[in-house]
Structures are given as C-alpha cells and as structure tokens.
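Visitor: Hey, could you zoom in on one part here and walk me through it slowly? I'd like the residue-level details, please.

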Amino acid sequence: MTLHDAAGQDRLAQAPPVVADTLAAQLESLDLAGRLALAAGLGHAVFTTSLGIEDQVITAAIGTHRLPIEISTLETGRLFKETVDLIGETEERYGIAIRRFTPEQGDVDAYVAKYGMNGFYESVEARHACCHVRKLKPLARALSAADVWITGLRRGQSGNRAATPFAEYDAERNLIKINPLADWDMETIRAHVSAEAIPVNPLHARGYPSIGCEPCTRAIKPGEPERAGRWWWENDEKRECGLHVPESAAQPIPPVSQIAR
Ligand code: SF4
C-alpha cells in the first residue's frame, strides 16, 4: 500500500482519513521496525526529532535498520547545550545525517523587537508567537516535501495525548502522520534504551522527562506528569507548542509582518 500508486493517482485525495484508519490497524500488530518500514514504504517519510528519549528510540531504529526516512530537527536557537551536543553524538553513533531547520533571522528580529527576547513569559499570545517563529515555520519547511510525518508522540506523555492514534490524517499539512510509539510507556522506553545502549540527553537523569527550549523547560517534581515542566508558568493543562495541534485550533498568531514594532 502506497499513498501514490503506479499511475500517480493520489490516494490521499480520495479518502485520506480512511487510509489513516486502515494504516492504524496495520501498524498496531507490528513491532517498531515494522511500523517504521511500513511508514517508509508509503512515500517520502520525514521523522522530526526533538532528541527526547522516545525520539532517540525512533532514530536508533531508523539508523540501525537503514530505513529510508529523513530525520530532521528544529534548532530553535534556544535549545539546551546538552540537546545540541546530542545531535552530533547521535549522527556519529548511527552514521546518519540529521537535518537542522532554524528560524529565519528576520522573523526572530521582528519577534524580539515586539515582545523582547524572553517575551514568551508575559502572555500566552507572546509564547505562541515565539513558537510560531522558532518552531512552526521551520517545521513547515521540514515537512514541505513529506507524504508521511513520523513523530514520537505517546499516549502516556500527557492527558492531552491520551488518545494518540498510530496513524492520522493531518488535513492542514495534507499528509499522513504516523506515531509508531503511541502505545509505548516510559518503562518500556527506558528498558529499550538500556538494552540497546541508545544515547540519550543527560538532562533526563536530572528530572527532565520532556525537554524543549531551555527557557521554557524545568525539571519536574516526583509525581508530576511528564510534561509538567513545559511552559510551567501557564495554567492551561493542555498547553502545547502547536506542532501537534492544528493551527486552526490554536490561539491566532499575528503575521510576522505585524509582529515588527
Ligand atoms: S518553547 Fe519557548 S523559546 Fe522555544 S519557541 Fe516556544 S516560546 Fe520560544
């Protein structure tokens, strides 16, 4: 099953949600390598990694099995040094190249001029505007040629992600999103990382189960949900950066042209 048949007919244009449902049922019975191989066979597949522990599991599988999946990361300019260092270490370990997508300097300058470098602490709107410039726009470039988007989303990461399917149709980006670790829990992830000696971010051992940009991530306390350290100053329990929620469902973001002064 591919998204584009021999005649070039686009199956996504026919009934993409049905395609996603069929895929989800197929993926459920496969192991991780099988799930990734199935995703890779659908068309141009792009895996976006934040270098978090579950993403490292996926990267290791892609590298070990030499799967034809492009690996990309969003280098926001505000990452922890440990995260940036892990990009190179991972490339070396698996003999792979991880594509870096950075924000446009003009967009960053316009954001800083309007909100200040750390203006995201002041309001949800300012925070979403920063994520838009540093993450969402680079993500759009990373996925511009993709038929399939592979992510490390898991149901156990937060209540907001509890219903994560193995496959879903992303209507805004017109691609199939595959979440091959949707049913993995943290215990399974840690056991796999240990058995395979997969390199992980040293911050995980210091209380950071979920790691994003440095100014927006803190260590969590015992008993807190995995993503409690992300944008901890906001009250919304469903807070996300917008990568995995439709932009139409997120808070409106002013155009970059309007951000400037
Ligand atoms: S996580 Fe924080 S620093 Fe990173 S893009 Fe979002 S608001 Fe900006």
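Guide: Sure. First, a bit of bookkeeping: two strands count as a pair if DSSP finds at least two bridges between them. Also keep in mind that we're looking at a predicted model. Now the hairpin. Strand 5 (residues 167–170) and strand 6 (residues 175–178) run antiparallel to each other, joined by four bridges. One pairing you can pick out is Tyr-169, whose bridge partner in strand 6 is Ile-176. Four residues sit between the two strands, and in this hairpin Asn-174 takes a positive phi near 55°.

Further along the chain, look at helix 8 (186–196) and helix 9 (256–259): the loop between them holds Cys-213, and Cys-216 is in that loop too. The UniProt record, an unreviewed entry, gives the annotation "binding site" to both, along with Cys-130 and Cys-131. The four are spread over 87 residues of sequence, yet they cluster in space, with a largest C-alpha distance of 11.1 Å.

How packed are the two loop cysteines? Cys-213 counts as buried because it has 22 other C-beta atoms within 10 Å, and the cut-off for that is 20 or more. Cys-216 is buried as well, because 21 other C-beta atoms lie within 10 Å. As for their company, leaving out neighbours within four places in sequence, Cys-213 contacts Thr-76, Arg-78 and Leu-79. With residues up to four places away set aside, Cys-216 touches Phe-120, Arg-230 and Trp-231.

Note on methods: Residues numbered from 1 in each chain as written. Predicted model: local features only at pLDDT ≥ 70, side-chain atom pairs only at ≥ 80, totals over all residues. UniProt positions renumbered as here; feature names shortened; annotations may be inferred. Buried ≥ 20, exposed ≤ 12 C-beta atoms within 10 Å, placed from the backbone. Contact = placed C-beta atoms within 7 Å.
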